[in-house]
Amino acid sequence: MAIWNPWHGCRKLSPGCQNCYVYRRDSQFGKDSSVVSKTANFYLPIRKNRSGEYKLQNNGEVVYTCMTSDFFLEEADDWRAEAWEMIRKRPDLHFAIITKRIARFPVSLPDDWGDGYDNVTIICTCENQEQADIRLPVFLNLPIQHREIIEEPMLGEIHIEPYLSTGKIEQVTCGGESGEHARVCKFDWILQTRKQCVDSRVKFHFKQTGARFYKGDRLYSIDRKLQMVQAKKAGIDYAPSGQENFPDMERLFEKLSGSKFRSRFYLGKQEMDYIRKKGMDTVRQHAEDFVRKRLAPALIDNDGRQTPMRGHPVFLAQHATATCCRGCLFKWHGIPPGRALTLQEQEYIVCVIMEWIARQIHSENSLK
Ligand code: SF4
């Protein structure tokens, strides 16, 4: 996991902050976490090595941003514009920003933000029902391309059905609290949130149990090292596109149409002529071939650059459907990088590409 901490330190805001891990860790070194200051890594996204290459390379990982503070903290208002500018300069990276201060999101927003940068996911934290009902209505009305929710440390059962049903949430993550004074997290709460995600076909991730985990009628004390392992063992993560051969295309295409970048791609006369000449079966074979050779391997040297911007209808379809590199496949389709694609995943990607091409042909025909 790539991390960029442009500033450090924070102020406690709501019940979830009670045993904040930043405070816990800093106290071990006698450091005052309430002092907010820029870090030596402030310029990390634009820092280059002697060969002129960015030090922070796109290797398919999301860049988790501001993990020892809150990106929208008042104390950082004067620094945020510069941080946004660095994010804007690196469209090849995808930045994930976790916040409890979603109401402060508009402060210092760049002039060209528009409907949101496509390379940014904002993750709104809701530790209990009260915070969910305060933060999520605000969150859903902000101009953001990619939204996720995190319920951590989960302090009770949380109902977010109305927010999930908007179709604007890409993923929900749940987890308990770690540390010596951790509060209890119940497995039933986690399962309740999972059910809501399944009902709304939203991706779900159980990240960690926390240190005090209640399952069945037993309270377990779980060592820090095992909290993520135990969550993984529960095997309850849910990904709509991973559990079914083919996802809900309407939902996917609706999401894609909300992206300015994705929706600017279309098939011109040259590509249409090519499809007419070769036929859809041949184009499909090309798509299968491109996916197998350029996307399926676990390690791809030029990942992020393997799909040309023109030259074949399939390339255009890949950019339009976010099936152009492993980073986009992860962000938009929940297919993780760093391992080979399964045959089922390859089939799914080809299906998405061909669906987009079919829709382009259909819309051209309907204009005639
Ligand atoms: S907002 Fe996050 S970083 Fe800040 S005090 Fe609360 S838990 Fe800690």
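What follows is a chat about reading a pocket, a ligand shell, some helices and a few backbone details in a predicted model.

Colleague: Before we dig in, what are the ground rules for this model?

Modeller: It's a predicted model, where local features need pLDDT of at least 70 and side-chain atom pairs count only at pLDDT 80 or more, while totals for chains, interfaces and linings use all residues. Residues are numbered from 1 along each chain as its sequence is written, and side-chain values use heavy atoms, with hydrogens and water left out.

Colleague: OK, pockets. What volume does the second largest pocket have?

Modeller: General idea: rolling a probe the size of a water molecule over the atoms shows where empty space is left. On a 1 Å grid over the protein atoms alone, a pocket is an open set of points where a 1.4 Å probe fits, with protein on both sides within 12 Å along at least five of seven lines; a cavity is a set the probe cannot get out of, and lining residues have an atom within 4 Å of a point. Points are joined across faces, edges and corners, and the volume is the space filled by probe spheres set on them. Here, the second largest pocket comes out at about 810 Å³. It is lined by 36 residues, and Pro91, Asp118, Asn119, Phe261 and Arg262 are the closest to its centre.

Colleague: Which elements give two or more residues to that lining?

Modeller: Helix 2 (77–89), helix 9 (260–263) and helix 13 (326–333). Helices (H or I, at least four residues) and strands (E, at least two) are DSSP runs, numbered from the N terminus. Helix 13 gives the most, with five residues. The lining also draws at least three residues from each of domain 1 (2–243) and domain 2 (249–367), with bounds from an automatic or database domain assignment.

Colleague: How do the lining residues divide by chemistry?

Modeller: Into 13 nonpolar, 13 polar and 10 charged. The bins are Ala, Val, Leu, Ile, Met, Phe, Trp, Tyr, Cys and Pro as nonpolar, Asp, Glu, Lys and Arg as charged, and the others, Gly among them, as polar.

Colleague: And which residues surround the ligand?

Modeller: A residue is near a molecule if one of its heavy atoms lies within 4 Å of it. That picks out Cys10, Arg11, Lys12, Cys17, Cys20, Ser69, Lys100 and Arg101. The shell divides into three nonpolar, one polar and four charged.

Colleague: Take Ser69 from that shell. Is it buried or exposed?

Modeller: Buried means under 20% relative accessible area, exposed over 50%, and partly exposed in between (1.4 Å probe, protein chains only). Ser69 is buried, with a relative accessible area of 13%. Its place is in the loop between strand 4 (62–65) and helix 2. Ser69 and Thr99 are 30 residues apart in sequence and 8.9 Å apart in space, C-alpha to C-alpha.

Colleague: How do I read the sides of a helix?

Modeller: An α-helix has 3.6 residues a turn, so residues three or four places apart point the same way. In helix 8 (residues 249–257), the buried residues are Met249, Leu252, Phe253 and Leu256. They cover an arc of only 95° around the axis, which puts them on the same side of helix 8; the arc is that of the directions from the helix axis to the C-beta atoms. Glu250 and Glu254 are exposed on the other side of helix 8.

Colleague: How many residues of helix 12 are buried?

Modeller: Eight of the eight residues of helix 12 (residues 313–320), so it is largely enclosed by the rest of the structure. Helix 13 is mostly covered, with seven of its eight residues buried, among them Cys328, Leu329 and Trp332.

Colleague: What about positive phi values? Where is Ala322?

Modeller: Ala322 lies in the loop between helix 12 and helix 13. Its phi is positive, about 60°, although it is not a glycine, and at 0% relative accessibility Ala322 counts as buried. Just after helix 13, Gly334 takes a positive phi of about 70°. Gly334 is buried too, at 18%. Ser108 has a phi near 65° and is partly exposed, with a relative accessible area of 25%.

Colleague: Last one: which residues does the cis peptide bond join?

Modeller: Glu152 and Pro153, with omega about -5°. Pro153 lies in the loop between strand 7 (146–151) and helix 4 (161–164).
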